[in-house]
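Good morning, colleagues. I should like to take a few minutes to discuss the cysteines of this protein.

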Amino acid sequence: MFIIIHCTDTSVSLTALGFQNTTMHFVTEFVLLGFPGQREMQTFFFFLILVVYLLTLLGNGAIVCAVKWDRRLHTPMYIFLGNFAFLEIWYISSTVPNMLVNILSDTKTISFTGCFLQFYFFFSLGTTECFFLSVMAYDRYLAICRPLHYPSIMTGKFCVILICVCWISGFLCYPVPIVLISQLPFCGPNIIDHFVCDPGPLFALACIPAPSTELICYTFNSMIIFGPFLSILGSYTLVLRAVVRFPSRAGRTKAFSTCGSHLMVVFLFYGTLMVMYVSPTSGNPAGMQKIITLIYSAVTPLLNSLIYSLRNKDMKDALKTVLGLRINQN
């Protein structure tokens with residue numbers, strides 16, 4: 001999918017790059033420092049992250065099963081939610097298992113190829129999540145602002161098309177930035193003060209400055225973040241205008257409850273993303289970057305499952321029904 005230039009024990013001349021009489025040994029692996037500290041602290045982090053990971057799999061897996069097995073949830077809103085929960089399972093799985101192995105490892109190494117593969121899947125799944133949040137906001141806009149036209153617009157076929165567009169577009173966005181970064185010369189040191197392969201630390205390890213590549217990547221990140229985010233804000237601005245005009249208080253309460261869950265997820269996810277990736281001069285210290293990344297990569301998927309299951313009556317009823325039936329059948 002992308003070309004990676006790296007060699008073992010191979011010297012490469014940099015004369016063409018403007019470095020006279022200079023040779024370089026390309027690194028073949030990186031060291032992810034993760035969470036440095038005493039062994040007891042490492043063990044604490046391991047079990048804490050493991051519990052968060054297992055609860056995330058359980059919560060989002062339950063939502064996927066409820067949408068699949070309960071026919072009452074076979075509507076566009078819950079089909080999107082089921083796909084979103086399925087996405088969250090893979091999103092957290094793109095980083096946390098390797099993070100757990102890294103905590104227990106003495107060497108804490110990841111291969112050059114493995115680093116960029118993790119980079120690709122982590123950012124592609126994150127991009128897909130941005131697109132799904134935008135589509136879910138559009139679905140609520142149609143349901144609330146154009147209820148009479150909703151069944152004719154949000155058909156089963158159109159729903160499937162939107163889902164496919166989210167998945168395919170998310171995985172087509174990041175090959176170009178990854179190719180650009182992977183072509184940079186990495187001659188050492190190879191220590192990344194993070195627990196994931198992130199563009200910021202990778203740029204810092206490059207042997208030559210790459211301001212144009214860095215600008216392209218940050219501009220690209222900003223477009224991916226702000227494009228869906230502005231779409232979400234537009235959809236919910238129209239939704240809120242429509243909701244406040246509802247004559248029924250019960251109708252307003254139900255609409256605010258449904259949309260409130262989605263907005264909580266949106267602001268939780270986008271808030272941390274913008275702090276990390278929008279500004280190339282944010283200057284966050286390494287410790288703060290790790291905390292922010294841990295929030296949107298591990299904690300947010302867990303909270304999303306809790307928000308959507310605990311704040312949604314239909315989902316709670318479906319979970320009770322499905323889990324009850326499965327237990328009784330066993």
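**Cysteines, paired and unpaired**

Let me begin with Cys130, whose sulfur lies 9.6 Å from the closest cysteine sulfur, that of Cys173, and is therefore too far away for a bond. Please bear in mind that we are looking at a predicted model. Cys130 is buried, because its relative accessibility is 2% and the limit for that class is under 20%. Cys145, by contrast, is partly exposed, with a relative accessible area of 27%.

I turn now to the bonded cysteines. How many disulfides does the count give? The count is two.

One disulfide connects Cys115 with Cys197, at an S to S distance of 2.0 Å. This pair bridges distant parts of the chain, 82 residues apart: Cys115 sits in helix H4, residues 112–145, while Cys197 sits in the loop between strand E5 and helix H8. The link is left-handed, with -130° about the S-S bond. Are these two cysteines buried or exposed? Both Cys115 and Cys197 are buried.

The other disulfide connects Cys187 with Cys207, with 1.8 Å from S to S. Here, too, distant parts of the chain are linked, 20 residues apart: Cys187 belongs to the loop between helix H7 and E5, and Cys207 to the loop between H8 and helix H9. The torsion about this S-S bond is about -135°, so the disulfide is left-handed. Cys187 counts as partly exposed at 29% relative accessibility, and Cys207 is likewise partly exposed, at 23%.

Finally, the connectivity. With the bonded cysteines numbered in sequence order, the pairing reads 1-3, 2-4.

Terms used:
Residues numbered from 1 in each chain as written. Predicted model: local features only at pLDDT ≥ 70, side-chain atom pairs only at ≥ 80, totals over all residues. Heavy atoms only, no water. Disulfide = S-S within 2.5 Å. Helix = DSSP H or I, 4+ residues; strand = E, 2+ residues; numbered from the N terminus. Buried < 20%, exposed > 50% of the residue type's maximum accessible area, 1.4 Å probe, protein only.
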